[in-house]
Amino acid sequence: MNVESRQGVKRPTSNIEFCVNRGLTMAEVANVVRVTNVTKVFKLGKIDVPALKGVNLEIAKGDYISIMGPSGSGKSTLFNMIGGLDKPTSGKVFIDEVDIAQLDAYELAWLRCRKIGYIFQTFNIIQVMTALENVTLPMIFAGMHDDAAVEKGLQLLELVGLGDRFNHKPFELSGGQQQRVAVARALANDPAIILADEPTGNLDLTTGEEIIALLKRLSQERGVTVISATHDFKMLNVSDQVVWIRDGRVDKIEDREELSISIGQIGTRV
Ligand SMILES: Nc1ncnc2c1ncn2[C@@H]1O[C@H](COP(=O)(O)OP(=O)(O)OP(=O)(O)O)[C@@H](O)[C@H]1O
Ligand SMILES: [Mg+2]
């Protein structure tokens with residue numbers, strides 16, 4: 001018996017149920033993410049560090065969004081707010097029009113486990129586990145039967161081009177292959193959103209391009225919304241929209257047409 005049924009509390013089992021529980025139809029939910037007036041102030045002893053200074057953002061379903069800006073501009077902080085990994089000092093984050101500050105601990109855990117897949121710069125896969133075990137872990141947490149998890153894990157590793165490496169541990173894989181395992185893991189529970197913080201930051205040019213192409217393919221084939229904080233100008237080529245952050249504020253938002261102009265004018269990294 002899982003924790004949810006033991007507690008006798010009805011928990012969402014799907015994105016649709018998550019919305020319906022709140023009187024929303026999926027059609028009403030055009031923006032998968034909406035950020036309104038979000039500020040974040042970190043306290044460092046007696047010093048206040050304002051990392052976000054009133055961010056507004058709307059992200060449509062299925063889009064590929066890059067959040068770009070100089071080091072220290074607030075990209076990771078915003079990533080953590082959208083992913084429900086940290087709380088804003090003020091303002092609100094809505095996922096499918098649900099204010100995530102209103103979620104209880106179980107619903108927030110469900111959101112992190114089922115609705116969002118996370119990818120990090122340093123891969124963050126578990127060193128003592130094989131590729132397959134890393135990918136199946138979130139499915140086991142979500143209550144999937146072992147056999148079904150193994151079958152799906154193998155399919156996902158195949159999808160990211162690692163079908164023959166399922167039994168390898170991270171130290172037996174290259175950086176790019178480890179990041180592919182992390183991508184497969186992020187897809188474990190069919191999330192609506194993939195949040196990636198510098199997913200190519202530790203990869204060489206070619207391997208970085210492969211990961212970007214993989215994320216783009218997933219967004220197109222599976223309708224997953226990809227939101228990536230990045231310094232990597234290679235991301236511009238695949239982005240539907242780029243949100244430029246400067247000093248804790250949205251500086252400008254460029255869509256595809258405007259981007260093709262920018263791409264001609266820049267190098268490869270911010
Ligand atoms: N836990 C923390 N405590 C105090 N200050 C923090 C904390 N996390 C971030 N900051 C500060 O908030 C600001 C934004 O940091 P953030 O990590 O979001 O930047 P970033 O745009 O992701 O930078 P990078 O490109 O280097 O990853 C910085 O000034 C940083 O020093
Ligand atoms: Mg960062």
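Which element gives the most to the shell around ligand 1? Let me take that up with the predicted model in front of us, beginning at the ligand and then turning to a pair of helices.

Around ligand 1 there are 13 surrounding residues, and the closest of them are Phe42, Ala51, Ser71, Ser76 and Thr77. At least two residues of this shell come from each of β1 (31–44), β2 (47–60) and α3 (75–82), and the answer to my opening question is α3, which gives the most, with three residues. Sorted by class, the shell around ligand 1 holds four nonpolar, eight polar and one charged residues.

Now to the helices. Helix α5, residues 131–141, packs with helix α6, residues 146–159, at an angle of about 125 degrees, and their axes are 9 Å apart. That angle is why α5 counts as oblique to α6, and α5 passes α6 in a right-handed crossing. On the α5 side the contact is made by Ala131, Leu132, Val135, Thr136, Met139 and Ile140, while α6 brings Ala149, Val150, Lys152, Gly153, Leu154, Leu156 and Leu157. By class, this contact of α5 with α6 has 10 nonpolar, two polar and one charged residues.

Let me finish with one residue of helix α5, namely Leu132. Is Leu132 buried or exposed? Leu132 counts as buried, because it has 21 C-beta neighbours inside 10 Å, and the cut-off for buried is 20 or more. Leaving aside residues up to four places away in sequence, Leu132 touches Val150, Gly153, Leu154, Leu157, Phe166 and Asn167. As for Leu156, it stands 24 residues from Leu132 in sequence, and the two are 9.2 Å apart in space, C-alpha to C-alpha.

Key. Residues numbered from 1 in each chain as written. Chains lettered and ligands numbered in written order. Predicted model: local features only at pLDDT ≥ 70, side-chain atom pairs only at ≥ 80, totals over all residues. Near = placed C-beta within 6 Å. Helix = DSSP H or I, 4+ residues; strand = E, 2+ residues; numbered from the N terminus. Nonpolar A, V, L, I, M, F, W, Y, C, P; charged D, E, K, R; others polar. Axes fitted to C-alpha atoms, helices over the stretch in contact; angles between N-to-C directions. Parallel < 35°, antiparallel > 145°, perpendicular 65-115°, else oblique. Left-handed = near helix turned anticlockwise from the far one by under 90°. Contact = placed C-beta atoms within 7 Å. Buried ≥ 20, exposed ≤ 12 C-beta atoms within 10 Å, placed from the backbone.
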